[in-house]
Amino acid sequence: MKRLRTLQESPATTVIFASTLVAVMGVSLISPALPAVQDAWNITEAQASLLLSAFTLPGVFLTVPIGMVADRIGRKRILIPSLVVFGLSGSAIVLLSNFETILALRAIQGAASSAIATLTVTLLGDLFTGEKRRTLIGMNAAILAVGAAGYPLLGGGLATLSWMAPFVCFLLGVVVALPGIVFLEEPSDTGTDADTSIHEFVTGPTSMRPYLVLYIAIFGIFLLLYGAQLTVVPFILANSYQYSSGVIGLLLGLPAVMMGLTAMQGDRLLRSFSSFQSIALGFTSYGIGLVMVSVADSVYVVAGALLLFGLGQGLAEPITDTALNELAPDEFRGSIMSIRTTVLRLGTTVGPPLFVGVATLVGYTQTLLVGGFAALLVGLGWLLVRSTRTRPVALSEQ
């Protein structure tokens, strides 16, 4: 009830959460539609997969410049046009038949998506503080999880009607932009043409170690998510258990549900654990879940293991966003959060080929086992380092 009241009291928050739902559409809504697109356009599987690569790749290179511009001219001035560009470039694909032009539009849409994903979290850090900020960042992560779990089902269902139907949904970006023009607030201390540059901040006296720790954690989170859970686990479920794609989709929805439920409790978690401890516990839970999947001989064990993976995601991912927001100076929050999105996109890009490459050498089960043990060692190692401290220390002091 308290969270619902927050949405009612702050239309800007509703716009931010809706923007998060828009940003996550780009891959999860289209992935299940790729076979329909392949048949409709008479292209190969490799060509169809370029619809995803073209979308994700621009974020690796363009997100940081976008964040720097947002620090300079303001968040709203970047977010609203990005929502419009996302919606128009994505939906315009249904009007085209030239594949190269379609890939160019997907690249434009991907750049806009990176800007949206960066600025939603940045705005929550700008507009709110303390427990409310932590609560809302947790809610934002939960909404992202709902989209990640629900969009594949929606995209697959729409693709049975027409390959065009999922792409038309991208017009939601334009729909969200319209109330955003009215209700979205521009933080008072952004767009002020401050003299200090992000380069001076990075090379100044402020320690960069906590930022580096958080960026490494974010890379690891999305490397495991996209490489292990979303790539290797489906192959294991198909090959070892002979499950249909429908059953696999339902099982892969379990981590997203658990992640969302856990993320909603982010403010409560940070009353009991430091950011560093919560992230370490997340990697520990990741590791246990992946190891369990690799040795499981029952669907019930697999389901339990995937719930553990989702628990780890909920313990780690939103806490990294909260910690970065609390560390970042107001005037550089856009740049710092844009680096977060760049690292995130790098993890999602590297994860699948890395895990599949290892699997070609040692097999999918062994790959998951190695990945699980690596995550477990990272989590337990971080917890051990933290336990050697003689007094409570926040992540910013690590």
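Hi everyone, let me start in the middle of the protein: its largest nonpolar core has 49 residues, and the ones with the most contacts inside that core are Trp41, Leu83, Phe86, Phe167 and Leu184. Which elements build this core? Those giving two or more residues are α2 (11–23), α4 (34–41), α5 (45–73), α6 (76–91), α7 (99–127), α8 (130–161) and α10. The largest share comes from α7, with 10 residues. Apart from this core there is another, of 46 residues, and among them are Ile218, Leu223, Tyr241 and Leu368. As you look at the model, please keep in mind that it is a predicted one.

As general background, nonpolar side chains in soluble globular proteins tend to be buried together. Let's take one of the well-connected core residues and see who sits around it. Leu184 touches Ala12, Val15, Ile16, Lys76, Leu79, Ile80, Leu123 and Pro179, leaving out residues up to four places away in sequence.

Now to how the helices pack. Two packed helices are described by the angle between their axes and the distance between the axes. I have three pairs for you.

Pair one is α2 with α10. Their axes come within 9 Å and cross at roughly 160°. With an angle over 145 degrees, α2 is therefore roughly antiparallel to α10. The crossing of α2 and α10 is left-handed. Which residues meet here? From α2 we have Pro11, Ala12, Val15, Ala18, Ser19 and Val22, and from α10 we have Leu172, Gly173, Val176, Pro179, Gly180 and Phe183. Sorted by class, the contact of α2 with α10 has 9 nonpolar, 3 polar and no charged residues. You may recognise two of the names: Ala12 and Val15 were also on the list of residues that Leu184 touches.

Pair two is α7 with α8. These axes also come within 9 Å, and they cross at roughly 165°. That makes α7 roughly antiparallel to α8. The crossing of α7 and α8 is right-handed. On the α7 side the contact involves Val121, Leu124 and Gly125, and on the α8 side Arg133, Leu136, Ile137 and Asn140. By class, the contact of α7 with α8 has 4 nonpolar, 2 polar and 1 charged residues.

Pair three takes us further along the chain, to helix α12 (residues 209–241) and helix α17 (residues 333–362), whose axes come within 7 Å and cross at roughly 35°. The crossing of α12 and α17 is right-handed. The class count for the contact of α12 with α17 is 20 nonpolar, 5 polar and 1 charged residues.

With the helices in place, let me zoom in on a few single residues.

Where does Phe170 lie? You'll find Phe170 in the loop between α9 (165–168) and α10 (172–183). Is Phe170 buried or exposed? With a relative accessibility of 0%, Phe170 counts as buried. Setting aside residues up to four places away in sequence, Phe170 touches Met25, Gly26, Leu29, Ile30, Phe86, Gly87, Gly90, Ser91, Arg106 and Gln109. For Gln109, the sequence separation from Phe170 is 61 residues, while the C-alpha atoms of the two are separated by 9.7 Å.

Next is Leu172, which is in helix α10. Leu172 has 32% relative accessibility, so Leu172 counts as partly exposed. Beyond residues up to four places away in sequence, Leu172 touches Val22, Met25 and Tyr151. Met25 is thus touched by Leu172 and by Phe170. The C-alpha atoms of Leu172 and Phe86 are 9.0 Å apart, with their positions 86 residues apart along the chain counted as separation.

Over in helix α8 we have Ala159. Ala159 counts as buried, because its relative accessibility is 12%. Leaving aside neighbours within four places in sequence, Ala159 is in contact with Ala33, Ala36 and Pro166. By contrast, the C-alpha atoms of Ala159 and Phe55, 104 residues apart along the chain, are separated by 19 Å.

Finally, one for those of you who like backbone torsions. Most residues other than glycine have a negative phi. What is the phi of Asn42? Its value is near 55°, positive in a residue other than glycine. Asn42 is found in the loop between α4 and α5. Asn42 is exposed, with a relative accessible area of 71%.

That's my tour, and thanks for listening!

Methods: Residues are numbered from 1 along each chain as its sequence is written. This is a predicted model: local features need pLDDT of at least 70, side-chain atom pairs count only at pLDDT 80 or more; totals for chains, interfaces and linings use all residues. Side-chain values use heavy atoms; hydrogens and water are left out. Helices (H or I, at least four residues) and strands (E, at least two) are DSSP runs, numbered from the N terminus. Buried means under 20% relative accessible area, exposed over 50%, partly exposed in between (1.4 Å probe, protein chains only). Contact means heavy atoms within 4.5 Å. A nonpolar core is a set of buried Ala, Val, Leu, Ile, Met, Phe, Trp, Tyr and Cys residues joined through side-chain atoms within 4.5 Å. Axes are lines fitted to C-alpha atoms, for helices over the stretch in contact, and angles run from 0 to 180 degrees between N-to-C directions. Angles under 35 degrees count as roughly parallel, over 145 as roughly antiparallel, 65 to 115 as roughly perpendicular and the rest as oblique. A crossing is left-handed if the near helix is turned anticlockwise from the far one by less than a right angle, and right-handed if clockwise. Ala, Val, Leu, Ile, Met, Phe, Trp, Tyr, Cys and Pro count as nonpolar, Asp, Glu, Lys and Arg as charged, and the others, Gly among them, as polar.
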